Amino acid sequence: MKSNKADYSAELQLWLDKHRHTHPQEIDLGLHRVRAVADNMQLLNPEQTVVTVAGTNGKGSTVALLESMLRAAGYKTASYTSPHMHRYNERIKINNRCLSDGELCRSFEMIEAHRGDISLSFFEFSTLAALQCFKSAKPDIILLETGLGGRLDAVNIIDADLAIITSIGIDHVEWLGDNRNSIGYEKAGITRPGVPCICGDIAPPESIKALNKDRPLYLINEDFSYRRERDSWYFEHRDFRLDDLPLPALFGDIQLQNASCVVMALRCLAANFQVSYDDIVAGLTTAYLPGRFQIKSQNIEGGSIVSIFDISHNPQGVEVMVENLKSLTNGRELHAVFAILATKDADSITKIVAPMVDHWHLSEPDSAHALPVEQLKSIVERYTNASNSIQCFNSVSEAYDDAMCNMKNGDRLLAFGSTMTVAEALKS
């Protein structure tokens with residue numbers, strides 16, 4: 001048995017490299033293969049309460065807020081999210097602690113021993129590893145975030161005790177369809193008969209309502225609601241109300257939408273999980289999620305600047321990002337470090353952001369699916385004034401360093417376009 005951390009680190013990297021190349025398709029939606037292995041490993045029926053979260057935007061924030069409130073109440077949580085920012089281990093957490101390299105290696109060994117000749121995708125390996133680790137850790141509650149879609153996502157092999165669907169936007173059209181109704185149908189695949197479903201989309205697709213017409217469905221602004229009042233907000237459900245709640249530590253008014261879904265979730269879980277007003281307050285003020293409009297103040301020669309890091313990579317998410325930006329710019333010059341995948345709608349995203357940007361620092365994320373920087377430059381030029389500068393770089397870190405060297409006191413820097421873009425910028 002290995003005991004050296006360095007040994008486990010190298011071993012984990014070998015496992016991850018193998019998983020990236022074992023299966024012929026990087027994304028292979030469907031449940032039969034992963035369910036068969038999970039059945040062999042006796043993972044299909046967790047003893048714990050399970051909450052599954054799906055949606056286009058807001059999944060990670062919703063999991064972070066719910067986890068933070070439950071932990072404040074003293075419950076042992078387990079969470080599975082994706083993608084990771086810096087280390088693979090960030091995907092699987094027990095009580096907000098990332099699993100160690102050794103724990104992950106042992107879970108992969110068990111999967112290998114039970115999968116036989118069944119081929120699994122990278123995400124399917126990850127999902128099984130999470131479920132195996134949760135089985136050993138015996139948490140009070142398990143929080144699962146879908147990776148892509150819902151109905152055919154590997155996470156959906158588990159029957160949730162509560163489903164949360166966040167906002168629905170256009171993304172992953174190759175697999176989910178090119179309209180909100182089709183995408184909503186895929187996301188709502190995580191629901192089950194008789195199981196409560198909370199929907200946080202303010203204009204939910206009809207497909208979500210249709211699929212849940214005979215099931216307990218709680219719609220935001222219909223069955224529960226929230227309202228901001230200056231520096232606080234309130235939540236309301238029927239004759240139940242929580243007043244004077246603090247604004248979430250996660251930035252932006254959109255987080256009130258996510259937080260209200262989380263409070264509604266706690267209402268649905270109240271029979272088994274007692275979470276007080278003080279616990280909710282503590283959860284709101286301590287929840288943390290890197291790369292979601294993450295703000296850093298940095299000193300430069302002659303003053304200071306504010307940097308914003310945001311992983312938004314679809315039009316709906318970028319619209320929210322731009323709304324958040326307005327309160328931080330106020331006439332100040334904005335430098336944008338932008339790199340994106342070729343599978344994303346770079347044209348629509350650029351069109352939304354361009355009116356705010358004074359200087360573009362373009363690059364490519366470290367991915368085989370990166371949009372070539374020259375193509376990105378051509379898109380940016382369509383929506384940019386001639387007076388605005390556009391520069392291209394070989395890497396995100398070079399783009400970020402150049403932006404930092406050309407900023408003056410009071411300027412703002414925005415790094416966005418993908419998780420990989422933000423991760424590399426944060427390292428710089």
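## Aromatic pairs

Phe251 counts as partly exposed, since its relative accessibility of 28% falls between the 20% under which a residue is called buried and the 50% over which it is called exposed. This value, like the others in this report, comes from a predicted model rather than from an experiment. Within that model, a search for paired rings returns 12 aromatic pairs. One of them joins Tyr226 and Trp233, whose ring centres lie 6.5 Å apart and whose planes stand at 85 degrees, so that the arrangement is classed as edge-to-face. The partners can also be described by their accessibility: Tyr226, at 23%, is partly exposed, whereas Trp233, at 0%, is buried.

The rings of Phe251 and Phe293 make a stacked pair, because their planes are at 15 degrees, with 4.8 Å between the ring centres. This pair connects distant parts of the chain, 42 residues apart, with Phe251 in the loop between strand S11 (240-246) and helix H9 (254-268) and Phe293 in the loop between helix H10 (277-286) and S12. Phe293 has a relative accessibility of 3% and is therefore counted as buried, whereas Phe251, as stated above, is partly exposed. Elsewhere, ring pairs bring Trp15, Tyr88, Phe108 and Phe122 together in a cluster.

## The open sheet

S12, the strand that follows the loop holding Phe293, is also part of an open sheet of 6 strands, which are arranged in the order S12-S13-S17-S14-S15-S16 with mixed pairing. S12 and strand S16 (389-392) are the edge strands, and because each has a single partner strand, one side of each has no neighbour in the sheet. On average, and with direction ignored, neighbouring strands of the sheet are turned by 20 degrees against each other.

Further along the order, S14 and strand S15 (residues 359-362) run parallel and are joined by 4 bridges. Among the residues concerned is Ala336, which has Trp360 in S15 as its bridge partner. Helix H13 (residues 373-382) packs on this sheet, where H13 touches S14, S15 and S16, and the direction of the helix makes about 170 degrees with that of S16.

## Helix H15 and its surroundings

Several strands of the sheet also take part in covering helix H15 (residues 419-427), in which 7 of the 9 residues are buried. The buried residues of H15 are Thr419, Thr421, Val422, Ala423, Glu424, Ala425 and Leu426. The elements that cover them include strand S12 (294-300), strand S13 (303-310), strand S14 (334-338) and strand S17 (412-416), together with helix H14 (396-405). At the start of H15, the backbone nitrogen of Met420 has a side-chain oxygen of Ser418 within 3.3 Å.

## Salt bridges

Side chains of opposite charge can pair when their charged atoms come close. In the structure as a whole, 18 salt bridges are found. One of these is formed by the side chains of Glu112 and Lys18, with 3.2 Å from N to O. Because Glu112 belongs to helix H4 (residues 101-115) and Lys18 to helix H1 (residues 5-22), this pair ties together parts of the chain that are 94 residues apart in sequence. Glu112 is partly exposed at a relative accessibility of 25%, and Lys18 is likewise partly exposed, at 35%. A network of salt bridges links Lys18, Glu112 and Arg115.

A second example is the salt bridge between Arg192 and Asp159, in which the closest N and O atoms are 2.6 Å apart. The two residues lie in distant loops, 33 residues apart: Arg192 is in the loop between helix H7 (180-187) and strand S7 (197-199), and Asp159 is in the loop between strand S5 (141-145) and strand S6 (162-165). With a relative accessible area of 16%, Arg192 is buried.

The third example returns to H13, the helix that packs on the sheet. Here the side chains of Arg382 and Asp347 meet in a salt bridge, at 2.4 Å from N to O. Arg382 lies in helix H13 and Asp347 in helix H12 (residues 346-353), so this pair too links distant parts of the chain, 35 residues apart. Arg382 is exposed, its relative accessible area being 53%, whereas Asp347 is partly exposed at 24%.

Conventions. Residues are numbered from 1 along each chain as its sequence is written. This is a predicted model: local features need pLDDT of at least 70, side-chain atom pairs count only at pLDDT 80 or more; totals for chains, interfaces and linings use all residues. Side-chain values use heavy atoms; hydrogens and water are left out. Buried means under 20% relative accessible area, exposed over 50%, partly exposed in between (1.4 Å probe, protein chains only). Contact means heavy atoms within 4.5 Å. A polar contact is a pair of N or O atoms within 3.5 Å; within protein, one must be able to donate a hydrogen and the other to accept it, and residues adjacent in sequence count only if both atoms are side-chain atoms. Two strands pair if DSSP finds at least two bridges between them. Axes are lines fitted to C-alpha atoms, for helices over the stretch in contact, and angles run from 0 to 180 degrees between N-to-C directions. A salt bridge is a side-chain nitrogen of Lys or Arg within 4 Å of a carboxyl oxygen of Asp or Glu. Rings of Phe, Tyr and Trp (its six-membered ring) pair if their centres lie within 6.5 Å; planes under 30 degrees apart count as stacked, over 60 as edge-to-face and the rest as tilted.
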